[in-house]
Amino acid sequence: MSTTAVLRNAQDLLDEAGLDGAFLVRNLDTGEEIGFDTDTPYPAASLVKVPLAVAVLERIARGELDPAAPIDVPPGRITTPGPTGLSRFRHPARIAVDDLLYLSTSISDNVAADALFDLLPPAEVAAELRRLRIEGIAVRHRAGDLAETPAERLGPDDVHLAHSLAIDAGTPGQGHPVAQLDVTRANTGSARAYVDLLHALWRPSTIRTATAARVRALMGDNLHRQRLAPDFTSDASRWSSKTGTLLHLRHEVGVVDHADGQSYAVAALTASRVPAVAQPGGEAAMAHVARTLHDHLRTGTLPWWG
């Protein structure tokens, strides 16, 4: 099947699942890639925790932060479904910087991320990315802002209303009354920008080798495996990734390392048109599209289930 047909079928599948999306798959050694809408910026949600980890680890490597330094962290006391780790703690905790990196990146804990943002504010994370010549990712606000959406102000039976607002209130220029969904105010990044970041982590040049290795390990320990992981994990491959979820947004970026030594970066950024919290069909469609693009790039054919 031609690349044009593969891309058309992939976009049709997303459309049938009620998703708009941007996807990119790249061979990290040859640079060959396949994707669509690759330069469209999306609100990043928790994907921002990857550049945060990079920036903190670079500061540690320069001796500007102590990874063993204890940090007093207030409890998140969040009771709505979704948040993890310290976000759900009821009492204060004292945690080392290095352990906050694990909680923020591997478990996607917003309170842990904000404890790191206290040490390295968003503007400084953005400056670190510029120093490393990583472009296309905007870091403007803390992770805790992700919990301040209309969904948190509604009861469980009315959360679909927040999703309806998220879906219907956007402007053609990607503006939005919900600040976290407005690309001029939110943390943002495109599929290409995040694949470029993954490329820099898996084949480091400007990023320190130790920093890159630690971030790869943190992404390899990602607790959230319901989205793309089922289609990329096997005895002959390792899937390392970071998910991002906010209202109708469902993202995942990661790298599949194959036993034969080939590695492919994958970025899947999507916005659902379905006002529902649980969308397993949509997530299955995301995985199917990502795997189809990967397999076409890797072998020139569709997977057996395609």
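In this predicted model, R133 is exposed, with a relative accessible area of 64%. Residue R133 is placed in the loop that runs between α5 (122–131) and β6 (137–138). Its phi is near 60 degrees, a positive value in a residue other than glycine. Most residues other than glycine have a negative phi.

A second residue with a positive phi is S108, again not a glycine, and the angle is near 60 degrees. S108 belongs to the loop between α3 (97–106) and α4 (110–119). With regard to solvent, S108 has a relative accessibility of 14% and therefore counts as buried, the cut-off being under 20%. R133, at 64%, counts as exposed because the cut-off for that class is over 50%.

The loop that holds S108 leads into α4. The N-terminal end of this helix is capped by D109, with a side-chain oxygen 2.9 Å from the backbone nitrogen of V111. Helix α4 is mostly covered, 8 of its 10 residues being buried. The buried residues are N110, V111, A112, A113, D114, A115, L116 and F117. They pack against α2, α3 and α5, and against strand β4 (70–73).

Helix α2 (residues 49–61), one of the elements against which α4 packs, also meets α8 and α7. The axes of α2 and α8 (residues 209–220) come within 9 Å and cross at roughly 140 degrees. This crossing is right-handed. On the α2 side the contact is made by V50, A53, V54, L57, E58 and A61, and on the α8 side by T211, R214, V215 and M219. By class, these residues divide into 7 nonpolar, 1 polar and 2 charged.

For α2 and helix α7 (residues 191–202), the axes come within 11 Å and cross at roughly 35 degrees. Here the crossing is left-handed. Residues V50, P51 and V54 of α2 are in contact with α7, which contributes Y194, L197 and L201. The contact of α2 with α7 has 6 nonpolar residues, with no polar and no charged residues. V50 and V54 of α2 thus appear in the contact with α8 and in the contact with α7. An α-helix has 3.6 residues a turn, so residues three or four places apart point the same way.

Among the strands, β10 (residues 263–272) is mostly covered: 10 of its 10 residues are buried. In a regular strand the side chains alternate between the two faces of the sheet. In β10 both faces are covered. One side carries S263, A265, A267, L269 and A271, and the other carries Y264, V266, A268, T270 and S272, all of them buried.

Strand β10 pairs with β1 (residues 19–27) in the antiparallel sense over 9 bridges. Within this pairing, R26 has A265 of β10 as its bridge partner. Strand β9 (residues 249–258) also runs antiparallel to β10, and 9 bridges join the two. The bridge partner of G254 in β10 is V266. A265 and V266 belong to opposite sides of β10, A265 being listed with S263 and V266 with Y264. The strands β9 and β10 form a hairpin with 4 residues between them. In the turn of this hairpin, G261 has a positive phi of about 95 degrees.

Methods: Residues numbered from 1 in each chain as written. Predicted model: local features only at pLDDT ≥ 70, side-chain atom pairs only at ≥ 80, totals over all residues. Heavy atoms only, no water. Buried < 20%, exposed > 50% of the residue type's maximum accessible area, 1.4 Å probe, protein only. Pairing = 2+ DSSP bridges. Axes fitted to C-alpha atoms, helices over the stretch in contact; angles between N-to-C directions. Left-handed = near helix turned anticlockwise from the far one by under 90°. Contact = heavy atoms within 4.5 Å. Nonpolar A, V, L, I, M, F, W, Y, C, P; charged D, E, K, R; others polar. Polar contact = N/O pair within 3.5 Å; in protein donor to acceptor, adjacent residues only side chain to side chain.
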